[in-house]
Amino acid sequence: MTIGLAERVIALKPSASIAAKQKVLELQAAGKTVIDLTIGEPDLDTPAHIVSAATSAAEGGDTHYTVPMGTPALRKAIIEKLRQDNALDYTLNEVIVGVGAKQLIYEAFAATLNEGDEVIVPAPYWVSYPDITTIHGGKPVIVHCPEGNGFKLTSESLRTAISPRTKWLVLNSPNNPTGAVYSREDLSALAEVLRGSPHVWVMTDEIYEHLTYEGKALSLGEVAPDLKDRLLIVNGVSKAYAMTGWRIGYAAGPAVLITAMNKLIGQSTSCASSVSQAAAAAALSGDQACVAEATETFRKRRDRMFELLDGTPGMDLHKPEGAFYFYPSVAGLIGKVTPDGKVLESDLDVSLYLLESAHVAVLDGSAYGMSPYLRMSFGGAMEDIEAGCRAIRKACEALV
C-alpha cells in the first residue's frame with residue numbers, strides 16, 4: 001500500500017543548493033575529488049566566545065524548552081542590535097526567534113497567505129522564496145531584474161508588478177545569488193511606490209547584512225520608517241557569525257504578525273534550541289571584531305576569485321558588493337562544443353560540464369530564476385577557490 005502524498009508536496013521542488021551539496025557528497029564518497037563552489041555557508045568556525053556561552057548554558061542547566069518566541073535574553077539582544085545597527089525601535093512582543101531564518105519566512109507566509117495571494121519576488125532570487133509561497137497557496141510573481149540594472153528591482157518594475165492581490169514584496173539585500181546591495185536611493189524609490197499601495201507588506205531578508213564590501217547595507221526601515229507597520233525584517237546569526245548549524249534566525253515586525261507566527265511555531269517546532277539561543281545572544285551582544293574579521297576574509301576571497309576568473313573565455317563577471325557569491329553570465333559559452341562533442345545548450349549544461357570535466361561543482365542560474373548564469377561561492381577555503389577557478393578557466397578554454 002502506498003501513501004497518498006499531498007499535491008503541494010508532490011509539486012514542491014527540492015532546494016537546488018541542498019541537492020547540489022548532496023551530489024558533491026555522493027561523488028566524494030565514491031572517491032571522486034570535487035571542489036565545491038556551491039557552498040552557501042562560511043567555512044569558518046563559530047567564534048570561541050560564542051561556543052563558550054553555549055557551553056556555559058548547557059553546563060548551567062539551560063537545556064529546557066523556551067517560549068516559542070524565544071528567550072527574553074535573546075530577544076533583548078535582537079532589539080538592541082536593531083537599535084544600534086539599524087536605528088529601529090522594537091519591543092519584546094515585536095520580535096521572534098526561529099529555527100533559522102528560513103523557518104520565519106515559512107511561518108510569515110503561513111500566517112498571511114490565502115489561496116491566490118501574490119508575492120512579488122525579484123529575480124535572481126534565493127531558491128526557496130517561490131516554493132514557500134506556493135506551498136501556502138500563494139502565487140509567486142517573478143520580476144526579472146537584469147544585470148544592466150545591477151540585478152535590482154526598480155520602482156517602475158515594482159509598480160507594474162503590484163496588483164490588488166499582492167500581499168508581499170520580498171527584498172533580499174545583500175542578495176543571494178548576485179551579491180547586489182540596494183542603495184539608499186534604490187530603497188527610497190521603492191518606498192515611494194509602496195506608499196501608494198498600502199495593502200502590500202514587505203519582507204526584507206537581511207541575512208547577509210554584515211557581509212558587505214563597498215559600504216553598509218541599509219534596511220528599508222531605516223530609509224522609510226513610515227513603512228514599519230507593514231515591514232517584516234528577517235535576519236539571523238548563520239552567515240555573519242559562522243553559525244549555520246546552530247539554526248537561529250530572528251524576525252521583527254508588527255505585533256499582530258509576530259503573534260500569529262508565534263502560534264504556528266508553538267504547533268510545529270515549539271521553540272529553537274535553548275543552548276543555541278544562548279549562543280546567539282552572546283553573538284549579538286558580544287565583541288563584534290569576529291564579524292569584521294570574517295568580512296575581511298571574504299573580501300580577500302572575492303578579490304582573488306575575480307582575479308583568477310576575469311577574462312575567462314565565454315564568462316562575464318562583476319564583483320559582488322555583498323554576500324559571498326559571484327553570479328557570472330555564461331552567455332558566451334552557450335553553443336560551444338565540449339571536447340567530447342556535446343553542445344552546451346543551457347547554463348545547466350555548463351554546470352554539468354564543469355562538474356564532469358573540471359571536477360568543480362557550481363550552481364546553474366536557472367535555479368535562481370535567471371539564465372544563463374552560474375552561482376559560484378567564495379564561502380570556502382582560499383585553496384579551494386584558487387584550484388576551482390583555475391580548473392574552470394582551463395575547462396572553458398577547452399571549448400570550441
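## Exercises on a predicted protein chain

The accessible surface of the protein chain amounts to about 16800 Å², and 54% of it belongs to carbon and sulfur atoms; such areas come from the Shrake-Rupley method with a 1.4 Å probe, and for residues only the protein chains shown count as cover. This is a predicted model, in which local features need pLDDT of at least 70 and side-chain atom pairs count only at pLDDT 80 or more, while totals for chains, interfaces and linings use all residues. Residues are numbered from 1 along each chain as its sequence is written, and side-chain values use heavy atoms, with hydrogens and water left out.

**Exercise 1.** Describe the overall build of the protein chain, beginning with its secondary structure.

*Solution.* Start with the helices and strands, which are DSSP runs numbered from the N terminus (H or I, at least four residues, for helices; E, at least two, for strands): the protein chain has 14 helices and twelve strands. Next, take the radius of gyration, which is 21 Å and close to the 21 Å that the globule rule gives for 400 residues, so the chain is as compact as a globular protein of that length; the radius is taken over C-alpha atoms, and the rule is 2.2 Å times the number of residues to the power 0.38. Finally, along the principal axes, the C-alpha atoms fill a box of roughly 60 × 60 × 55 Å.

**Exercise 2.** Find which residues touch the most other members of the largest nonpolar core.

*Solution.* First recall that a nonpolar core is a set of buried Ala, Val, Leu, Ile, Met, Phe, Trp, Tyr and Cys residues joined through side-chain atoms within 4.5 Å, where buried means under 20% relative accessible area, exposed over 50% and partly exposed in between (1.4 Å probe, protein chains only). The largest core has 68 residues, and Phe-109, Leu-232, Met-305, Met-376 and Ile-392 touch the most other members. Apart from it lies another core, of 52 residues, which includes Cys-145 and Val-193.

**Exercise 3.** Decide whether Arg-301 and Glu-356 are buried or exposed, and place each in its helix.

*Solution.* Arg-301 belongs to helix H12 (residues 289-309) and, with a relative accessible area of 7%, is buried. Leaving out residues up to four places away in sequence, Arg-301 touches several residues, among them Asp-43, Leu-44 and Phe-378, contact meaning heavy atoms within 4.5 Å. Glu-356, by comparison, lies in helix H13 (residues 347-358) and is exposed, its relative accessible area being 58%.
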